[in-house]
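Welcome, and take a moment to look over the chain before reading on. The report below walks through sheets, core and a few single residues.

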Amino acid sequence: MADTMSWQRVRGAPDSGAVIARTSDLPEDGTLAVTFSGKGRDFPILLVRKGEAFAAFLNACPHQGLPLTFRSEDVTTADGQRLMCSNHHAEFDLLTGEGVAGFGQGCALMRIPLSLDAEGLICVA
Ligand code: FES
């Protein structure tokens with residue numbers, strides 16, 4: 001099961017209400033790596049959009065802790081249905097972060113809860 005709280009213990013983690021990006025920053029089906037620096041330390045976030053559904057994860061692969069985007073910004077499978085770490089190809093559910101294949105099996109990305117406001121801002125819930 002995805003751990004939805006432990007990201008808050010990572011240094012630099014944004015507080016509830018912090019703005020991460022705008023919905024228009026993401027392609028309709030795609031990802032965007034951003035860095036939140038509002039608390040004096042870089043906190044890497046991987047945003048995912050699938051149609052009108054959005055998700056955010058700490059951009060750190062549970063396999064070795066590297067950013068999923070370390071070797072490439074392209075971190076989805078060819079069919080666009082899963083996230084795939086650019087390092088050793090661990091695969092994760094696009095919206096829940098559950099590990100589903102390779103080094104992702106048995107673990108999960110740290111999911112950051114989101115809220116979207118009427119002006120298209122993506123914020124930490
Ligand atoms: S660091 Fe992601 S699969 Fe190894």
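## Sheets, core and two residues

Strand S1 and strand S10 (residues 121-124) are antiparallel partners, joined over three bridges. Please keep in mind that this is a predicted model.

That pairing belongs to an open sheet of three strands, ordered S1-S10-S9, with antiparallel pairing. Its edges are strand S1 (19-22) and strand S9 (114-116), each of which pairs on one side only. On average, neighbouring strands of this sheet are turned by 25° against each other, direction ignored.

On the other flank of S10, S9 also pairs with S10 in the antiparallel sense, again over three bridges. S9 and S10 make a hairpin with four residues between them, and Gly 120 in the turn has a positive phi of about 85°.

S10 has two faces: Ile 122 and Val 124 are on the covered one, while Leu 121 and Cys 123 are on the uncovered one. This fits a broader pattern, as side chains in a regular strand alternate between the two faces of the sheet.

An open sheet of four strands is also present, in the order S2-S3-S4-S8 and with antiparallel pairing. Strand S2 (29-36) and strand S8 (111-112) have a single partner strand each, so one side of each is left without a neighbour in the sheet. Strand S4 (residues 53-58) and S8 run antiparallel and are joined by two bridges.

Here are residues that stand opposite each other in the two sheets:

| Residue | Partner |
|---|---|
| Val 19 | Cys 123 in S10 |
| Ala 21 | Ile 122 in S10 |
| Leu 116 | Ile 122 in S10 |
| Ala 56 | Ile 112 in S8 |

Now for the core. Which residues of the largest nonpolar core touch the most other members? They are Ile 20, Ile 45, Leu 47, Ala 56, Phe 57 and Leu 58, out of 29 residues in that core. The elements giving two or more residues to this core are S1, strand S3 (43-50), S4, S5 and S10. S3 gives the most, with five residues.

Ile 20 makes a handy viewpoint for seeing how these pieces meet. Beyond its neighbours within four places in sequence, Ile 20 is in contact with Val 34, Phe 36, Ile 45, Leu 47, Ala 56, Ile 122, Cys 123 and Val 124.

Leu 32 offers another view, from strand S2. Is Leu 32 buried or partly exposed? Leu 32 has 18 other C-beta atoms within 10 Å, and a buried residue would need 20 or more, so Leu 32 counts as partly exposed. Its contacts, leaving aside neighbours within four places in sequence, are Ala 21, Asp 25, Leu 26 and Leu 47. If you would like a distance to check in your viewer, the C-alpha atoms of Leu 32 and Asn 87 are 17 Å apart in space, with the two positions 55 residues apart in sequence numbering.

Finally, a backbone detail. What sign does phi have at His 89? His 89 has a positive phi of about 70°, although it is not a glycine. As background, most residues other than glycine have a negative phi. His 89 lies in the loop between strand S5 (82-84) and strand S6 (91-93). His 89 is partly exposed, with 13 other C-beta atoms within 10 Å.

Definitions and conventions:
Residues are numbered from 1 along each chain as its sequence is written. This is a predicted model: local features need pLDDT of at least 70, side-chain atom pairs count only at pLDDT 80 or more; totals for chains, interfaces and linings use all residues. Two strands pair if DSSP finds at least two bridges between them. Axes are lines fitted to C-alpha atoms, for helices over the stretch in contact, and angles run from 0 to 180 degrees between N-to-C directions. A residue is buried if 20 or more other C-beta atoms lie within 10 Å of its own, exposed if 12 or fewer, and partly exposed in between; C-beta atoms are placed from the backbone. A nonpolar core is a set of buried Ala, Val, Leu, Ile, Met, Phe, Trp, Tyr and Cys residues joined through C-beta atoms within 7 Å. Two residues are in contact if their C-beta atoms, placed from the backbone, lie within 7 Å.
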